[in-house]
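Let's take a look at how the chains in this model meet each other. Have the sequence and the 3D view open as you read.

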Amino acid sequence: MTDDRKPMIECRGVHKHYGDYHALRGIDLTIRAGEFFSLLGPSGCGKTTLLRTIAGFEDISEGAILIDEKRMDEVPANKRPTNMVFQSYAIFPHLTVAQNVAFGLRRDPRGKAEKSALVDETLALVGLRGFGNRAAHALSGGQRQRVALARALILKPKVLLLDEPLSALDRKMREQMQVELIKLQRQVGITFVLVTHDQEEALVMSDRIAVMFEGEIAQLDGPEALYARPANRRVADFIGVMNFLPARIVAEQGGGATVEVPGLGMVDLPARQISRANPDDGGPTIGFRPETMTLLGAGATHSQPRETNATIDEVVYYGDMTYYDLRLDGAAAMDGKARPVRISMRNVFGRDVQEVGTRTRLAWSPGSLVLFR
Amino acid sequence: MAKGGLDAQARQGYALIAPPFLYAALVLAAPLLTILAYSFLTDGYLEVVREFTWANYVQVWTDPIVRTVMLRSLMVSALVTLVTVALAFPVAYYVSFLVRPQKKATWLFLITIPFWTSYLIRVFLWKVILGYNGVVNSSLTGLGIIDEPLTFILYNVNSIVITLAHAYAPFAILPIFVALEKIDRSLLEAGRDLGESRAMTFWRVTLPLAMPGVLAAVLIVFIPTIGDYVTPELIGGGKIPMIANLIQVQMLALDNRPLGSALAVTTMAIVAVVSIVFLLINRRFLKVRS
Amino acid sequence: MKGQGRGLQAYALLYLLFLYAPIILLPLFAFNSGTIIAFPLQGFTTDWFSQMWANATLRTALANSLLIAVSAAVLATCLGIFAARASTRFEFPGKGGMMGFILLPMVLPEIIVAMSLLVVLLGAGVQLSILTVILGHVLICMPYAIAILSTAFSSLDKSLEEAAYDLGETRWSAFRLVTLPLVMPGIISSLLISFTISLDEFIIAFFLAGNQPTLPTYIFSQLRFPKQIPMIMALGTVLVALSIVLLALGEYFRRRGNARMGGNPTRGFL
């Protein structure tokens, strides 16, 4: 959907070594102009290193980085068309809010009045109208975040780099800022590159997400594709909750396959539901998300094509949701191991929470399964 | 892009540390190496003869006067260290555990002030305080508590110990305070919760955790005191020289630089050995903790 | 709990009395008209202060000491800034060892520093003077300067400088516009502490000054003459007052620096 836009950042075979430590292992990546792009992964996966190499704070050991179709090899951070919002916000504590925002304009030839108007305008953009004369060290976390944004955006960079910008905020504030950041990005049209370890944050905000493990990109996709069809078990496990069951491949035709899954029976899967980028996980595995299966109350009807009998082992009540751990009939048939399966049900009006030990039926569709092989 | 050998960080680090490091190399390392070299050379009249010899060290280790002074220095330093640290611990404990957080900085400030005032004058005033007609004796006789002035605090090892314990007080309090501050207060509550008495909690939880600080205090007091020159000179009236005075006499008054150097090197070696022993003990404590 | 607290508090106060005993006695004798330093006090006089003021050697010693202390403080702080920045901001092989070596004078018996330096200077035929004292004082002040400056530098968020660089400043202007103003309290505090250490330092001055007097060496030479001692008490009073003022200033700047960085007040001592 975004392929017609011109590339803004290109990483070509980027490697980064710190002594013996291989932090980035061949990153190939194109981020398009105006995209809200996220680098997602656990701590130590290299996402922040990648962001800092794009910003120019770290040299790369091998490969090339292009910004706006120009090679950045010899361009230092202070000359790159990128600006950064730091995890700690890095608000200069000895300056006022306005002085912080105007910091990057020091070498700008424009007049004082013009600059001051620009500062006011930018503060208004981030919702801090009238805060210019406040002392920076007296601001709240959310306000610091906004000052950091204003300070970077005032220079009209081609790319805004955000290093875990919301991790220091409490949950309410974080959710509010997520929405504001999306709106802000649409308003200014600048390419945003966000680093985060929070999968929910990445799914909510991004046009596309690169999931990174150990210095490599494991999958690069839009949020929906990433969630529905993770490239391998590791990605699936990192993003949301996924159930895994061992599977036996009975037949293959075209790109698709027929598999036997203990507890679920025989399933035909088309090519698009099969992930092949999974060499080292040991044996074919079926994965599905907790919310894709429906737990049926006695006598309830449903629209899903398949049904399986199960016993409820555990019930975890979350208010809006209930999680059930189930034992599928016949799930232990393959190797004798019982594999509990987690199902989530929204607690809508009229649906009772079921009790531990209840025999129940589970409705599902082969379309929600993914085969990792 | 790959830069041979060092990365940019390391090169900047070296560039920055170079000036102070070179300064220390020039003004500290070069002289120390020189006296190390001197200590193996032969003393001629008013000059140093370039002939290798062990004689200086033999003399340092066999001469009864040197041995007496060396042992006295070690004993005085050990005593000073013991007294200073023992006196300091309750103060550090008080400031860390019983003083309100806002007042801690003020207490530390009060403790450090005397340290920064003229060392010579402080030492001299102890002589005044402890002397034959000094403050202590004249007050005590004036009050009729004693008839004759006390002599055990007079111009002897005891007075040196008191004076040095005073001089190095903040050196002992600060490291212990730091160690005590690092103790997670909930550990002490846990100790109490698990049924230990207050004294046993102190013995089994607080003290072991404070041990690295205590050992640091021991080192930090012991090392400078063994090289103290002023106190024996002023308080001891020059009658009970310590190793520093002996080094000075050999180096300057007798102009026997090789022997003086051998003394200095031996002193440093002893200090180093003591330090290493304490650092090893400290490591054991740290290992138990982690 | 209360009982234990009271006992410890009483002990701590007694300990403070022990620490301050010489300082409390100093002005008593400085204003005492008796020529012998002993109780009971005779009467009030300011003669010793006027005698001190009129003493020409003392004035030379003071001028020398001030020159040495200012030079040593400035040089030690400059070198300290380099070392503190290197140790808090950069990682490189051998850093621990190099820093340990620079900090070594803090734990080395001063007599050994003084003697070895003296031997080398005499061997090299260098004329002993105020300059040679400065040389030694910079060496022993530097570790203290580094200790103070390192806490100032390490309480600084590394991102601040990166942010300035990212916003278009050069490395140097980022340092000048962001880091320097933020560590300024630490720098002032380092200058004051180094000045105080140098002003009070005796052993190096005693052996390396040649025939130039400094305040401590002058005091030491006069302590042998009983009739000079009341004047030395007056001098001591002035010096102690000066030290306390300088330390209070240093402490003020240190706390202000911490407050600005949002740190807590006990930091920096440690």
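How much area is buried between chain A and chain C, and what percentage of it do carbon and sulfur atoms give?

## Where chain A meets chain C

About 2000 Å² is buried between these two chains, with carbon and sulfur atoms giving 58% of that area. Keep in mind that this is a predicted model. If you'd rather think in residues, 23 from chain A are in contact with 20 from chain C. Three residues are worth picking out on the chain A side: A:Asn78, A:His94 and A:Phe103 supply 29% of the area that chain A buries against chain C, more than any other three residues.

There's some charge pairing here too, with a count of three salt bridges between chain A and chain C. One to look up is A:Arg106 with C:Glu169, whose side chains meet at 2.8 Å, N to O. On top of that, the rule finds ten residue pairs in polar contact across the interface of chain A and chain C, both residues being at pLDDT 80 or more. As for which elements take part, β6 (82–85) and α4 (141–153) of chain A each supply at least two residues of the side that touches chain C. β6(A) gives the most, with three residues. Sorted by class, that side of chain A has twelve nonpolar, seven polar and four charged residues.

## Where chain B meets chain C

Now turn to chain B, where 81 residues are in contact with 85 residues of chain C. The area buried between chain B and chain C is about 7700 Å², and carbon and sulfur atoms give 83% of it.

How many salt bridges does the rule find across the interface of chain B and chain C? It finds zero. Polar contacts do turn up, in eight residue pairs with both members at pLDDT 80 or more. Helix α1 (residues 8–38) of chain B brings 22 residues, the largest share of the side of chain B that touches chain C. By class, that side has 62 nonpolar, 14 polar and five charged residues.

## A helix inside chain C

Helix α5 of chain C covers residues 110–123, and its 14 residues should span 20 Å at 1.5 Å a residue. Its end C-alpha atoms are 20 Å apart, so the expected and modelled spans agree.

Is this helix enclosed or open? Ten of the 14 residues of α5(C) are buried, so the helix is largely enclosed by the rest of the structure. Among those buried are C:Ile111, C:Ile112, C:Met115, C:Ser116 and C:Leu121. After α5(C) comes C:Gly125, which has a positive phi, near 75°.

Technical notes: Residues are numbered from 1 along each chain as its sequence is written. Chains are lettered from A and ligands numbered from 1 in the order in which they are written. This is a predicted model: local features need pLDDT of at least 70, side-chain atom pairs count only at pLDDT 80 or more; totals for chains, interfaces and linings use all residues. Side-chain values use heavy atoms; hydrogens and water are left out. Contact means heavy atoms within 4.5 Å. Buried area is the accessible area (1.4 Å probe) that two parts lose on being put together, summed over both. A salt bridge is a side-chain nitrogen of Lys or Arg within 4 Å of a carboxyl oxygen of Asp or Glu. A polar contact is a pair of N or O atoms within 3.5 Å; within protein, one must be able to donate a hydrogen and the other to accept it, and residues adjacent in sequence count only if both atoms are side-chain atoms. Helices (H or I, at least four residues) and strands (E, at least two) are DSSP runs, numbered from the N terminus. Ala, Val, Leu, Ile, Met, Phe, Trp, Tyr, Cys and Pro count as nonpolar, Asp, Glu, Lys and Arg as charged, and the others, Gly among them, as polar. The expected span of a helix is 1.5 Å times one less than its number of residues. Buried means under 20% relative accessible area, exposed over 50%, partly exposed in between (1.4 Å probe, protein chains only).
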